[in-house]
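The following paragraphs walk through a predicted model, taking its pockets, its nonpolar core and its salt bridges in turn. It may help to keep the sequence and the structure side by side while reading.

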Amino acid sequence: MPYQNITASLTPADIQEIKAAFATIQAKMPFLVTLSAEERRNLFKMGDKRLAFVNNSLIAAQSNRDILPASFDLEEFVRDYQLAANLTEVLIGLRQLTEQVDDTLMAVGSEAMGSSLTVYDYVKTAAKKTPGLKTIAQQLGERFKAIKSKPAKAAVDS
């Protein structure tokens, strides 16, 4: 559906229910970990391209148990693979939701900013004749002073 003006709201009760849903998700996955940047660098990565390798390795292990040492925990390998596949499915849904929330936030933020600029224009115009609006116009104008005071990027010579 193409983007159109967003007219929606979330009540405090809605926000609480959403947060409760997050808590439920986290409670369903108490095994989730947080890795440091170094830990992330040091781990094997199993992306889409390597998923087939892992799947084929699992099939080979299940079909040829006799070649594996007794210390190899095939059941743990199966659990790890299944959990990885399930988490991939969950992550796809979360990424889709995150993208939609991010896009909606950008769109509604743009709408709010556009309305704010319109209000600012009206306040600036009305401040010339309406007592008490000059201070508000100056306060709203502070946003633009900060932008103008940033140093301009040096021109690149060709």
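Helices α3 and α4 each contribute at least two residues to the lining of the largest pocket, and α4 provides the largest share of that lining, with 13 residues. The space in this largest pocket comes to about 1400 Å³; 29 residues line the pocket, and the closest of these to its centre are Phe-44, Met-46, Ala-84, Leu-87 and Thr-88. In chemical terms, the lining of the largest pocket consists of 20 nonpolar, three polar and six charged residues.

The second largest pocket, with about 340 Å³ of space, again involves α4, although here the other helix that supplies at least two lining residues is α1, which spans 12-28. Its lining includes Ile-6, Ala-8, Ser-9 and Leu-10, together with Ile-15, Ile-18, Lys-19 and Phe-22, and from further along the chain come Val-101, Thr-104, Leu-105 and Val-108. Nine of the residues that line the second largest pocket are nonpolar, two are polar and one is charged.

From the pockets we can turn to the packing of side chains. In soluble globular proteins, nonpolar side chains tend to be buried together. In this model the largest nonpolar core consists of seven residues, namely Val-54, Leu-58, Ala-61, Leu-74, Phe-77, Val-78 and Tyr-81. Both α3, which covers residues 48-63, and α4, which covers residues 74-127, give at least two residues to this core, and the largest share, four residues, belongs to α4. Which residues does Leu-58 contact, once its neighbours within four places in sequence are left aside? Its partners are Leu-74, Phe-77, Val-78 and Tyr-81, each of which is also a member of the largest nonpolar core.

Charged side chains give another view of the model, which contains three salt bridges. In one of them Glu-75 pairs with Arg-65, with 3.8 Å between the closest N and O atoms. This salt bridge ties together distant parts of the chain, since Glu-75 belongs to helix α4 whereas Arg-65 sits in the loop between α3 and α4, and the two are 10 residues apart. Glu-75 has a relative accessible area of 44% and is therefore classed as partly exposed.

The salt bridge between the side chains of Arg-79 and Glu-76, with an N to O distance of 2.8 Å, has both of its partners in helix α4, where they are three residues apart, or about one turn of the helix. Both residues are partly exposed: the relative accessibility of Arg-79 is 46%, and that of Glu-76 is 31%.

Further along the chain, the side chains of Asp-121 and Lys-124 form a salt bridge with an N to O distance of 3.8 Å. Because Asp-121 and Lys-124 are three residues apart in helix α4, about one helical turn separates them. Asp-121, with a relative accessible area of 43%, is partly exposed, and Lys-124, at 36% relative accessibility, likewise counts as partly exposed.

Helix α4 thus recurs throughout this account: it supplies the largest share of the lining of the largest pocket, it supplies the largest share of the largest nonpolar core, and it holds Glu-75, the pair Arg-79 and Glu-76, and the pair Asp-121 and Lys-124.

Note on methods
Residues are numbered from 1 along each chain as its sequence is written. This is a predicted model: local features need pLDDT of at least 70, side-chain atom pairs count only at pLDDT 80 or more; totals for chains, interfaces and linings use all residues. Side-chain values use heavy atoms; hydrogens and water are left out. A nonpolar core is a set of buried Ala, Val, Leu, Ile, Met, Phe, Trp, Tyr and Cys residues joined through side-chain atoms within 4.5 Å. Buried means under 20% relative accessible area, exposed over 50%, partly exposed in between (1.4 Å probe, protein chains only). Contact means heavy atoms within 4.5 Å. A salt bridge is a side-chain nitrogen of Lys or Arg within 4 Å of a carboxyl oxygen of Asp or Glu. On a 1 Å grid over the protein atoms alone, a cavity is a set of points where a 1.4 Å probe fits but cannot get out, and a pocket is an open set with protein on both sides within 12 Å along at least five of seven lines; lining residues have an atom within 4 Å of a point. Grid points are joined across faces, edges and corners, and a volume is the space filled by probe spheres set on the points. Ala, Val, Leu, Ile, Met, Phe, Trp, Tyr, Cys and Pro count as nonpolar, Asp, Glu, Lys and Arg as charged, and the others, Gly among them, as polar.
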